[in-house]
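The following exercises concern the arrangement of helices and strands in one structure. Each task is followed by a solution in steps.

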Amino acid sequence: METKYIFVTGGVVSSLGKGIISSSLARLLLARGYRVTVQKFDPYINIDPGTLNPYEHGECYVTVDGHEADLDLGHYERFTNIATTRANNVTTGRIYQSVIDKERRGDYLGKTVQIIPHITDEIKRNVKALGNTGEYDFVITEIGGTVGDIESTPFLEAVRQLKWELGRNALCIHLTYVPYLKAAQELKTKPTQHSVKMLQSVGIQPDILVLRTEKEIPAGMLRKVAQFCNVAPQAVIQSLNAPTIYQVPLMMHAQKLDDMVIEMTNSEVRTEKPDLDAWNLFLEKLSSAEKLVTIGLVGKYVELQDAYKSISEALLQAATYCDRKLDLRYIHSEKLDESNVSEKLSGLDGVIIAPGFGQRGIEGKFTALRYCRQNDIPTFGICLGMQCMVIEFARNVLGMENANSTEMDHNTPYNVIDLMDEQKSISNLGGTMRLGAYECRLRPGSIPAVAYGSETVRERHRHRFEFNHEFRQRFEQAGMECVGENPQTGLVEVVQIPSLRWFVGTQYHPEYQSTVLNPNPLFISFVKAAIEYGAEREND
């Protein structure tokens, strides 16, 4: 079949959940036998979110080919079980950079370069890039931002053109908000009407409306929205608040979203109903779990939980498959010291030392690690968390006073974490890290090797500094073993203290490859250790 293009736009307010609707539709279409991919177009001028503070945009997600991407790509992967690439996330910055590069090369043959047609043509080329591979029946494109935002205008113009060019091979799903005014005790559809009119004013007629709401919308009100917005009554559906985002595909299927998309795009029907058996099993486990597993996440961006979205979702998935409810407690590393570490950590079943960059909050992570190591609490250090494990061990076990990473202290006498030689001439921060999936060889019998059931894995990275190989022998002799390394470079990927119940640090980010249908084995292993430790504490 010809590739079909689904555009998902948003109105009224941001953060309504376009990414969840896009992911849910992708899950449903995959479950009906179609080949599907999802992409995100972000209107900001940054080339990618790699240099954005997490407070600005939440977590920076990393694709398998090493692209730093919007956190919605994490949702796409967790819902679809399909690895994303650089082609799945495009920013205004990427579009303009490409057009300017072409102009400098003379590709436009001296013509005046303008928003239309040059910028919009570049957007359209990127929209269709995945579809042109012939590998997908449906390409779902989420347009970031809100209709009416000045920076989204070129993207919407490109969508308008594509809808006109592609005919029945394209449709638009518009997500809007229907607020409930408590004082009046009424739902209000006027914001949705205005949002659709604004979309129509740029030449796009939405085919399906998804109304985000906290209260059930009466049938009469849905018909009113359909009438005012020129949308078929059956194509106005609601997205109520759900106990978990993973219920949204079922909610959308119950309102026939997947059926409508198949019918409106004139697609051949592969199966009458989606195969969601494995998905429903996960939801059943999620809702039936009663016992808690309590995990503390020590980081410096804990005020914004989206900063650690992939980690929290990986923990939720692992806990669910271990028949536990996740009680995740965020602990600010800047506010952690010797005076309160026992109070903050003593009641936990396990501790995650979060990734990050920079000096702020680092000493709190060292304090947490020392407490966890001395009290044999299951501990998982990820990226900078692993590097902190190494530094804390060097200071308090090897006696290397002031040991540090050269990221934090250029003059440290013990640079146990340092730059790779080829990275020492860094000038720009963007795109200078080890990014994407790399192979790791694991020591037989180590916790990670047992967890994965394999001595070779490929996991994704996002870091610049590495374990300094010059100190490796001293660490090994003192009890911190380097149980994972890159087979090509010998760079240390995983450390473990075998004398402790579960004390593992990974240079890579295993959370990026944890999905609903395939939870990451290392997170499963960590949660199992936390459950066992919690049971021991209860019996003491």
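**Exercise 1. An antiparallel strand**

Determine in which sense, and over how many bridges, strand E18 (residues 434-442) pairs with E19 and with strand E21 (residues 481-485) in this predicted model.

Solution. Step 1: E18 and E19 pair in the antiparallel sense, over eight bridges. Step 2: a residue pair in this ladder is Tyr438, which stands opposite Glu459 in E19. Step 3: with E21, strand E18 is again paired in the antiparallel sense, here over two bridges. Step 4: Arg441 has Glu485 in E21 as its bridge partner.

**Exercise 2. The sheet as a whole**

Place these strands in their sheet and identify its edge strands.

Solution. Step 1: the sheet is open and has nine strands, in the order E13-E12-E14-E15-E23-E22-E21-E18-E19. Step 2: E18 thus stands between E21 and E19 in this order. Step 3: strand E13 (325-332) and strand E19 (456-463) are the edges, each pairing on one side only. Step 4: the pairing is mixed; strand E14 (residues 350-353) and strand E15 (residues 379-382) run parallel and are joined by three bridges, with Ile352 opposite Phe380 in E15. Step 5: on average, neighbouring strands of the sheet are turned by 25° against each other, direction ignored.

**Exercise 3. The two sides of a helix**

Establish which residues of helix H8 (residues 219-229) are buried and why they lie on the same side of H8.

Solution. Step 1: Leu222, Val225, Ala226 and Cys229 are buried, the criterion being under 20% relative accessible area. Step 2: these residues cover an arc of only 100° around the axis, and therefore lie on the same side of H8. Step 3: the exposed residues Arg223 and Gln227 are on the face of H8 turned away from the buried side. Step 4: the cover over the buried residues includes helix H7 (190-201), strand E10 (208-213) and strand E11 (236-240). Step 5: after H8 comes Asn230, with a positive phi near 60°.

**Exercise 4. A helix pair**

Describe how helix H4 (residues 92-105) packs against helix H5 (residues 115-129).

Solution. Step 1: two packed helices are described by the angle between their axes and the distance between the axes. Step 2: for H4 and H5 the angle is about 120° and the axes are 10 Å apart. Step 3: their crossing is right-handed. Step 4: the residues that meet include Ile95 and Val99 in H4, and Ile119 and Ile123 in H5. Step 5: by class, the residues of this contact divide into six nonpolar, three polar and four charged.

Note on methods:
Residues numbered from 1 in each chain as written. Predicted model: local features only at pLDDT ≥ 70, side-chain atom pairs only at ≥ 80, totals over all residues. Heavy atoms only, no water. Axes fitted to C-alpha atoms, helices over the stretch in contact; angles between N-to-C directions. Helix = DSSP H or I, 4+ residues; strand = E, 2+ residues; numbered from the N terminus. Left-handed = near helix turned anticlockwise from the far one by under 90°. Contact = heavy atoms within 4.5 Å. Nonpolar A, V, L, I, M, F, W, Y, C, P; charged D, E, K, R; others polar. Pairing = 2+ DSSP bridges. Buried < 20%, exposed > 50% of the residue type's maximum accessible area, 1.4 Å probe, protein only. Arc of directions from axis to C-beta.
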